[in-house]
Every structure is written in structure tokens, then in C-alpha cells.
Amino acid sequence: MKISCENVEVHRNELVVLKDINFELAENTNYLVLGEGGSGKSTFLDVLAGKLFATKGQVKRNVKTILVPRDYGFHKIVGAAYQYYQQRFNAFDSEIGPTVYEVLQNQIIPIGTVDLKSIELKKPEYDDSWVLDVTEMLKISHLLQRKITSLSNGETRRTLIAFSLLQRPEVLLLDNPFTGLDIASREALKAILGSLKHTQVIMACSLNDAPESFDTIIALENGEIKYEGPKSNYTETSISTDSVNDILKGINLENSFDDFEIAIKLESGFVNYGEKVVLDNVNWEVKKGERWALTGPNGSGKSSLLSLLTGDNPQCYKNKLTMFDKRRGSGESIWDLKKKIGFVSPELHLYFNKNITVWKAVGSVFFDSAGLYNKLTEEQLDIIHKYLALMGILPLKDRRLIQLSFGQQRLVFLARALVKNPPLLLLDEPCQGLDYNQMVYFRTILEKILAAYPKTLVFVTHYEDEIPNAVNKRINLFDGRVIEKGL
């Protein structure tokens, strides 16, 4: 016996999240954990890792088990230094962060230290030869002297897994490790995970992303194991989109903010942090009603480009940028711009206050705030309920975000992006964290809205099948530069 669950039940805030869980880890087997958002996948991994205790039943574990942090953010491994790095666009990030080597060896200097001589670093945690073996396997040995804050999503992901493998776990638990990775990074990580010889892996991810060697499925539904067995005998269920048309009929999608011709015009756009160039001479024009896909590998500058448009990057005022026919900095407030933009991004999701209820999180967008501090009108409350119904999460409206699964939270933020009916949608990896059925459902919603009304769209993704059919233009970035633009 390595890990086993016997009649396990788990409650969270009076909610039954898992029930009647019986499982025993088989020798030399890698598992793929499947299920829709809210089915209990993350809770199941937490229980196996010992991060969450069973309310009923018994969990036994006699092996070294490590759960890789599920948001795969670098702040999870720099510990107390996190608050110094949490702003993604801080100009000093790339200059003052610890190196990959220092992170892997647990030799992080406390941020804010004035006198470096006053700090006595611990001895390296591991033999350098072991560090080199693991980092070469994960293809990050060339990053050892790079600052952790300068890494792309894919590089950070592999660094976190290296951090875990250095500890020689017998069982490694991963929760959606492919989320946010470009095609090349996904394929590299799949090959790595599929080739581990001395560590068993239990991983929650989509069936399409799973390495071929993961041939045993655990499928969860409403907190119960509905299937456990070989991949060859497993059939995924499809989701109906029939209700979308009926709900959309009750929503007014005509907007009153469409008095413009040019939604976005960036001329010789740039972003740099010291000597690090993130965007370099980007020229881009988006006219009203156009639908664009913004693509490129991790670290190519996509999110930095969007941060200029939303005003979240202070360098936006150094750029020659026009939004809704008005030059940025010509007198309009950032709040005037935000009224016309529906926005979602991994960063918004990560840093948003998770202690407020679902309906308040959605309603906060009417005031472009991260919390609800003003009273909503009856009309606003009604439209919030309609969009929650459209996303299939109306029954969750009174729960706090922290009580929801990651995928359910993402549906809340998608409702938030749509609810004020903006003329411009900036959707940065909107389907991140959704299972395949949820992705198809949201794509259907978006396609029907775009087919009926001339909304302008910028859609960022690493997955071609997520892109709505209405998208007919593309801008592709690589290393901060535009390498392709057009139809």
C-alpha cells in the first residue's frame, strides 16, 4: 500500500465536496483525474497529498508525496518575498529577484535586506550534480542564473516541477499543469512527465493534454468516483448548449458605447524594464467590430500588450496609443475607458479578492472595482442573475469565490467580463481552467453574441480550438515583436 482512501468524505464550509471515495494507488501506474469544474478533482488531490483531512473515512499514506502548487506561480516558492513581486509589471522585478539556482537550493535572500553581509545563507540544499540532473531533464539548466521573475509561464512551470522533483518524491501530484502553456511548452512538459522513472504521477488535466503513458483514468462527478479504469474503456460525456439561445433572448445585448470607429491603435508600441525589452515597435490597429486572435508563445509579450490597452501598465502613457478614437493621455480617465471594456485574464483571477460572494464579484465590474462597495440597482441585479444563468452557475450566486473550484471561478470572471455589455472584449486566456465541455459551452455563448452584435474582440489563447468562428484576424507575437498580422 502506498496511498489508499476508504469511504472518504470531505466537507468544506458545510458543503459535501467528496463522498464515498474508495481508491488504492496501484504500483507503477500514472493516473489521469478527469471531471467537470466543481466535480472534486482538486480536493481529491489535496486529500491524497495530506493537505486536507477527511471528514469521514480513512486515508492512509506511507510514501513521500508532493503536490505542486496549483497556480504554478513563482511566488509559491519565494515564500515571504511574495509581496515584493506580486505586481507583474513592476519595473524592478527582473533586477532584484532571486535566481532559479537560489530558489532551487533554498538560498533566497530576504527581500528588503539592506546589508547583504548581515545575512548568512544556508548551505545549498542539494548536491550540484543532482540539481544539474533534474534541471537538464526538465530543460531548464540554461536558466539557473536567470532571475525567477524573468521566466515565462512555461519556464516557471518546469522550475516548480524541478523544485518538487529535487525532493525525490515517490508520488507527484499535479493539478492542470498545462494551463496557460503554449504548444511547444505543453509538448515538452508532456514528454517529461511521461518519461519519469522513479516517481508516480497523479495528474488532473484534460484528456487531450495527457501523455500517452497515462493510461488509467479516475473520473469524478459531483464528488464521487464514477469511473476508474483504463483509458481505452472511458467515454467522455458531452454538454448541451441548447439553453444558450433561450437565455440570450432575455438579455439586451445592444450597447450605448459604440460611438467610435477605431477601438485600438498602437503606433511603435514598446514596453521595457531596464534593459529587458518586452514589446518592441508594435504597430496594430483594431477597428470597431473586428475580431482578432492574439497569439504567440509564452513570454512573447501578449499580456504586456493587453496591459497597455487596459491602463494597468504605467508605460501606457509613454506610448502613442489611441482607444475609442481618443489618444491616451488627452484628458479621458482610465475609468471612462474601462466602462467600454470587458476584460478577463489569469492575473485578474489570481489576485482578485476570493472572500466575496459570486454575485458581488460579478457586480463589482459595474464600478470597475475589485469588490462591491456601492449599491446595485434592481436592473443591475437582474442582469447579473441572467449572466450567471447563462454561465450555468446561478445556483452558486451566494457562495464565496474561495468555495468554488478554479473552473467555476473562471466562469464567474467570464460572466463579469460580459455583464456590463461592453463594446470591446479583451479576453486573455479566457478558457484557462475550464474543462473541455465548459470551453465548448463558453465558445458557443461568445459565437452567438458575436453573430448577433458588432462587438469588437481580442482573444488570447494557446489553443486553436478555443478561438470562436467569428474571429477572422490574427496578430502573432514572438519575443516582443509582431511576426504575423492579418487575416
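**Buried, bonded or charged: how the labels are earned**

P211 is buried, at 4% relative accessible area. Keep in mind that this is a predicted model.

Q: Why is P211 called buried?
A: Its relative accessible area is 4%, and the label buried goes to anything under 20%, so P211 qualifies. As for where P211 sits, look in the loop between β7 (200–204) and β8 (216–221). P211 and L372, 161 residues apart in sequence, have C-alpha atoms 43 Å apart in space.

Q: What makes D258 partly exposed, rather than buried or exposed?
A: D258 has a relative accessible area of 40%. Buried needs under 20% and exposed needs over 50%, so D258 lands in between. You'll find D258 in the loop between α8 (243–249) and β10 (262–273).

Q: Which residues gather with D258 in a surface patch, and what is the charge of that patch?
A: D259, E261 and D325 join D258, and the patch is negative. Asp and Glu both count as negative, so the sign follows from the residues in the patch.

Q: How do you know that C5 is in no disulfide?
A: Well, the structure has zero disulfides. For C5, the nearest cysteine sulfur belongs to C205 and is 20 Å away, while a disulfide needs the sulfurs within 2.5 Å, so C5 has no such partner. C5 also counts as buried, at 4% relative accessibility.

Q: What about C431: why is there no bond to C205?
A: Its sulfur is 16 Å from that of C205, the closest cysteine sulfur, which is too far. At 3% relative accessibility, C431 is under the 20% cut-off and therefore buried.

Definitions and conventions. Residues are numbered from 1 along each chain as its sequence is written. This is a predicted model: local features need pLDDT of at least 70, side-chain atom pairs count only at pLDDT 80 or more; totals for chains, interfaces and linings use all residues. Side-chain values use heavy atoms; hydrogens and water are left out. Patches are made of residues with over 30% relative accessible area and no salt bridge: like charges are joined within 9 Å, nonpolar side chains (Val, Leu, Ile, Met, Phe, Trp, Tyr) within 5 Å. Accessible areas come from the Shrake-Rupley method with a 1.4 Å probe; for residues, only the protein chains shown count as cover. A salt bridge is a side-chain nitrogen of Lys or Arg within 4 Å of a carboxyl oxygen of Asp or Glu. The place of a charge is taken as NZ of Lys, CZ of Arg, CG of Asp or CD of Glu. Helices (H or I, at least four residues) and strands (E, at least two) are DSSP runs, numbered from the N terminus. Buried means under 20% relative accessible area, exposed over 50%, partly exposed in between (1.4 Å probe, protein chains only).
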